[in-house]
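Reader: Hello! Could you choose one residue in this structure, look closely at its surroundings, and then work outward from there? I'd enjoy a connected walk-through.

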Amino acid sequence: MTPGTIRLLKQEDNSQIAAVIRAVLTEFKANKPGTVYFDPTTDDLFSLFSTPHAEYFVFEVNGLVAGGAGVFPTYGLPDRCCELVKLYLLPEVRGHGYGKLLIEVCFESARRLGYKQMYLETMPELKMAMSLYEHCGFEYLDGPLGNSGHFGCDLWMLKLL
C-alpha cells in the first residue's frame, strides 16, 4: 500500500470526508439517527472545525481522502477536556496503523491546544474502533460527558493527556 499523509482539513475536502464518514457508518450498520451520519455539520466539517481550539486532520492516499479524525471542544465537557471526533477510515487503509497514527496526531493537537483530557463517544457496532481506543489508553465511563447531541452513541471513554 502507498503510504498516506496526515494533514489539516481543507475546505475542498468537505465532500470527500463526508462520503468517507457515511460509507463507514453504513458498512457497520451504524447509519442511524443520533449519529454523525445525520448531523448536518458532516457536510461542512471545514466550517465546524473553524471553531476555536478545534482541529480536524485528514488521511490522504494518492490525493484522495481515505479517512480522518479531529479534536473538538464539545459543549458541556469539563474544563480543559476535548472530544476525539469523527475518526473514520475506509476499509482499504485499515489494519496498517493509520487509525492509531491519527489518534496520536489528535493527542498532540489536544495537548498543544491546552487540553488535559480527551473524551469520545462510540457504539457497539464499531467494535474495531473500540479495541483501538482501549489500546490507545482510553477507559470506559458509566455515562456521557458534555452535550454532543449524538444520542445514538451509548459507549463513552476518557483518556488523561
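Author: Happy to! Let's take Glu 55, keeping in mind that this is a predicted model. Is Glu 55 buried or exposed? Its relative accessible area is 14%, which is below the 20% limit, so Glu 55 counts as buried. The residue belongs to strand β2, which covers residues 55-61.

What does the side chain of Glu 55 meet there? It makes a polar contact of 2.5 Å with the side chain of Ser 109. Setting aside neighbours within four places in sequence, Glu 55 is also in contact with Leu 8, Phe 49, Gly 70, Val 71, Arg 112 and Leu 113. Several of these contacts can be placed on the map: Leu 8 falls in β1 (5-8), while Gly 70 and Val 71 fall in β3 (64-72). Ser 109 and Arg 112 are part of α3 (98-112).

Stepping back, β2 takes its place in an open sheet of 7 strands with mixed pairing. The order across this sheet is β1-β2-β3-β4-β5-β7-β6. At the edges are β1 and β6 (139-140), each of which pairs on one side only.

Now for the nonpolar packing. In soluble globular proteins, nonpolar side chains tend to be buried together. Here the largest nonpolar core has 48 residues, and Leu 84, Met 118, Tyr 133 and Phe 138 have the most contacts inside it. At least two core residues come from each of several elements, including β2, β3, α1 (14-27) and α4 (127-135). The biggest contribution is from α3, with 7 residues. Leu 84 gives a good view of this packing: outside its close sequence neighbours, it is in contact with Ala 69, Gly 70, Ile 103, Cys 106, Met 118, Tyr 119, Leu 120, Tyr 133 and Phe 138. Apart from the core of 48 lies another, of 5 residues, among them Leu 77, Cys 81, Tyr 119 and Trp 156. Gly 70 is a useful link in this walk, as it is in contact with Glu 55 and with Leu 84.

Following Leu 84 to Met 118 brings us to β5 (117-122). Where do the side chains of β5 point? Gln 117, Tyr 119 and Glu 121 point one way, with Met 118, Leu 120 and Thr 122 pointing the other way. Because 6 of the 6 residues of β5 are buried, the strand is largely enclosed by the rest of the structure.

Strands of a sheet pair through backbone hydrogen bonds, either parallel or antiparallel. The two sides of β5 show one of each: β5 pairs in the parallel sense with β4 over 3 bridges, and 6 bridges join β5 to β7 (155-160) in an antiparallel arrangement. On the first side, Cys 82 has Met 118 as its bridge partner. Between β4 and β5 the chain passes through α3, in a right-handed β-α-β crossover. On the other side, the bridge partner of Thr 122 is Leu 155.

Cys 82 deserves a second look. Its relative accessible area is 0%, so Cys 82 is buried. How many disulfides does the structure hold? There are 0. For Cys 82, the closest cysteine sulfur belongs to Cys 81, 6.2 Å away and therefore too far for a bond. Cys 136 is likewise in no disulfide, the nearest cysteine sulfur being that of Cys 106 at 10 Å. Cys 136 is also buried, at 10% relative accessible area.

You may also like two backbone details. Most residues other than glycine have a negative phi, and most peptide bonds are trans. Lys 86, in strand β4, has a positive phi near 50°, and Lys 29, in the loop between α1 and α2, has a positive phi of about 55°. Their settings can be told apart by accessibility: Lys 86 is buried at 11%, whereas Lys 29 is exposed at 67%.

That loop between α1 and α2 also holds Pro 33, which is exposed at 54% relative accessibility. Pro 33 and Cys 153 are 120 residues apart in sequence, and their C-alpha atoms are 9.8 Å apart in space.

Definitions and conventions. Residues numbered from 1 in each chain as written. Predicted model: local features only at pLDDT ≥ 70, side-chain atom pairs only at ≥ 80, totals over all residues. Heavy atoms only, no water. Helix = DSSP H or I, 4+ residues; strand = E, 2+ residues; numbered from the N terminus. Buried < 20%, exposed > 50% of the residue type's maximum accessible area, 1.4 Å probe, protein only. Polar contact = N/O pair within 3.5 Å; in protein donor to acceptor, adjacent residues only side chain to side chain. Contact = heavy atoms within 4.5 Å. Core = buried A, V, L, I, M, F, W, Y, C linked by side-chain atoms within 4.5 Å. Pairing = 2+ DSSP bridges. Right-handed = clockwise from strand over helix to strand, strands pointing away. Disulfide = S-S within 2.5 Å.
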